[in-house]
Structure formats: structure tokens, C-alpha cells
Amino acid sequence: MTEFVVSKEDKPLLHAFIIGVGSYDHLDGGKKGKIPDTMKMGQLASPPLSARALTQFLLDPTQHNGEIPVGSVEVLISCDRSAAITTSGGRFVPESATAINVKQAFRRWFQRCNSNPNNIAVFYYCGHGIEKGDLFLLLEDFASDPFLLFASTINFTDIYEAMSQCNATTQCYFVDCCRKVTKAAIDRPRMAALQLLDVVWGDETPREAPIFFSTARTIEAWAPSNRVTRFTDSILKCLS
């Protein structure tokens, strides 16, 4: 299960798109064959915990006193252990953050956000990131195509620009990842990422759309081993 629809009321609502990637098929410690150059990247413990914590926070109105008008949450978590989400309807295991699952979930999220100009769009990612002018967010099946190394990544810069088409005039982006530059990125003049939405010039909607990064360009993000990241913990404290 990926989507949690909390409310279908015809009023302004918050729609969240949450990705937490801890398991990587082809990096150090992966289960499907390691690529020759893993860029010193491997499995992560904090992203699944962080994504689950934010999801459960949004889905439980008692944690924010019902003051956040949550309409829906799309959540994808890649983890080598249970990433079950507990809601009033029971416990559910989110789908993994593979390229195909992310693409389908993104389109549902975009359509919901687009339905009302007073909606709030929230994008959250926690996992590995690589910087090369643009910021690339790595999904579970990163490097699954040896001919297109970055095909299972999200070009965050493109998505941010493309979301200017969305009718939701309030958008918040939380990006919790390293932003280091790697040789694999430098060696490629173009990095073909997963295409989620075209960037269309001249079709922009005026919006308030701050981006909150956990770290600066070229710097690694800090995360503990078995609890949510400091960045995510700060988000939860602010929202509550």
C-alpha cells in the first residue's frame, strides 16, 4: 500500500509525497549485485525510520492537534526490515521506492495537489543524494540499468521547476540527503534521470515554495544509525 487518503472534502488540504530509501540494490551491502564503483555509498538505517515517523505524524491528528488539514499521504519506503505504518485502519507496509512505484505515486500526488489552488503540497525525501549542478535523489533500484546509471534517480531541480505548473500555491520541499559530488557524476556531461513531469515554460503558477535542505552543497548529511535524522526530528518538532 502506498497511498493513504484521509479526506476527500472539497476544501484546501495538505497532500504529502514521502520517500525514504534505506535499501539500495546495487550499492555496498545490496542484494542484487554491487556495481563496480559504489561511490562509497551503501545501506542506510535512518531514512526508513524518518519517512515512517513523518508519515505516522501526519496520519495521526492527535500528534498535531488536528491543526494540519491532511488530505492524503503518498509514502514509499525501501528497507531491509519492516517499515509498517500504523493507522486507525491497521498496519500497512508501504511499497518500495523503486522508479516505477515513485512514478505512479508522484502522478497521484500531483493530481491531488493540483485540484485546489489553496492546497498545500509537501515533498519529502530521505536517502542518498548526488550533486552536479542539479541534485539527484537515488531510488532503491539505482544503477539497475548499466547503460543509464542515473535512470533510477529523481532530478530534484527539474521536479521543483516542473511543479510551478501545479495549482497548489503553497508548496514545501524537505530534502534530507548528502549533496556530495562524485566521479561518476563528473564523468557524465548529462545524467538521464527518471522523468516524472515535463518542465513547461510560460505555464507557471505564482507560488510560495521554500526548499529546506539538510545540508549545503558538496557536504554530506549527518544521520544516526537507528533513529530518525536530526533534520527530520526538527521538522516534526516544528510541525507539532
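The expected span of a helix is 1.5 Å times one less than its number of residues. The legends below describe close-up views of a predicted model.

**View 1. The length of helix 1 agrees with its residue count.** Helix 1 has 14 residues, which at 1.5 Å a residue should span 20 Å. The C-alpha atoms at the two ends of helix 1 are 20 Å apart, and this agrees with the expected span.

**View 2. Helix 1 is mostly covered.** Of the 14 residues of helix 1, ten are buried. Among them are Ser 46, Pro 47 and Pro 48 at the start of the list, and Phe 57, Leu 58 and Leu 59 at its end. The elements that cover the buried residues of helix 1 include strand 1, strand 2, strand 3, strand 4 (85–87), strand 6 and helix 5. Helix 1 lies across strand 1, strand 2, strand 3 and strand 6, and runs at about 160° to strand 2.

**View 3. Six strands form an open sheet with mixed pairing.** The strand order is 1-3-2-6-10-11. Strand 1 and strand 11 (211–213) are the edge strands, each pairing on one side only. From one strand to the next, the twist averages 10°. Strand 1 pairs with strand 3 in the antiparallel sense over three bridges. Val 5 has Ser 72 in strand 3 as its bridge partner. Helix 5 (residues 230–239) lies across strand 6, strand 10 (170–177) and strand 11, and runs at about 150° to strand 10.

**View 4. Strand 2 is largely enclosed by the rest of the structure.** Strand 2 covers residues 14–21, and eight of its eight residues are buried, so the rest of the structure largely encloses this strand. In a regular strand, side chains alternate between the two faces of the sheet. Leu 14, Ala 16, Ile 18 and Gly 20 point one way from strand 2, while His 15, Phe 17, Ile 19 and Val 21 point the other way. The residues of both sets are buried.

**View 5. Strand 2 pairs in parallel with strand 3 and with strand 6.** Strand 3 (residues 70–78) is joined to strand 2 by eight bridges. His 15 stands opposite Ser 72 in strand 3. Between strand 2 and strand 3 the chain passes through helix 1 (residues 46–59), and this β-α-β crossover is right-handed. Strand 6 (residues 120–127) pairs with strand 2 over seven bridges. Ala 16 stands opposite Val 122 in strand 6.

**View 6. The buried residues of helix 2 lie on the same side of the helix.** The buried residues are Ala 99, Asn 101, Val 102, Ala 105, Phe 106, Trp 109, Phe 110, Arg 112 and Cys 113. They cover an arc of only 155° around the axis, which puts them on the same side of helix 2. Exposed residues Ile 100 and Gln 111 are carried on the face turned away from the buried side. The buried residues pack against strand 1 (3–5), strand 2, strand 3, strand 6, strand 9 (153–155) and helix 3 (156–162). Helix 2 (residues 99–113) has 15 residues and should span 21 Å at 1.5 Å a residue; its end C-alpha atoms are 21 Å apart, which agrees.

**View 7. Three strands form an open antiparallel sheet.** The order in this sheet is 7-8-9. Strand 7 (129–132) and strand 9 stand at the edges with a single partner strand each, so one side of each has no neighbour in the sheet. Direction ignored, neighbouring strands are turned by 25° against each other on average. Strand 8 (residues 134–138) pairs with strand 7 over four bridges, and three bridges join strand 8 to strand 9. Leu 138 stands opposite Thr 153 in strand 9.

**View 8. Strand 7 and strand 8 form a hairpin.** One residue lies between the two strands, and Gly 133 in the turn has a positive phi of about 75°. Ile 130 has Phe 136 in strand 8 as its bridge partner, and Glu 131 stands opposite Leu 135 in strand 8. Strand 8 is mostly covered, with four of its five residues buried.

**View 9. Val 200 is found in a loop.** This loop runs between helix 4 (183–186) and strand 11. Val 200 has 36% relative accessibility and therefore counts as partly exposed. Val 200 and Glu 161 are 39 residues apart in sequence, and their C-alpha atoms are 8.6 Å apart in space.

Notes:
Residues are numbered from 1 along each chain as its sequence is written. This is a predicted model: local features need pLDDT of at least 70, side-chain atom pairs count only at pLDDT 80 or more; totals for chains, interfaces and linings use all residues. Side-chain values use heavy atoms; hydrogens and water are left out. Buried means under 20% relative accessible area, exposed over 50%, partly exposed in between (1.4 Å probe, protein chains only). Two strands pair if DSSP finds at least two bridges between them. A crossover is right-handed if, with the strands pointing away from the viewer, the path from the first strand over the helix to the second runs clockwise. The arc is that of the directions from the helix axis to the C-beta atoms. Contact means heavy atoms within 4.5 Å. Axes are lines fitted to C-alpha atoms, for helices over the stretch in contact, and angles run from 0 to 180 degrees between N-to-C directions.
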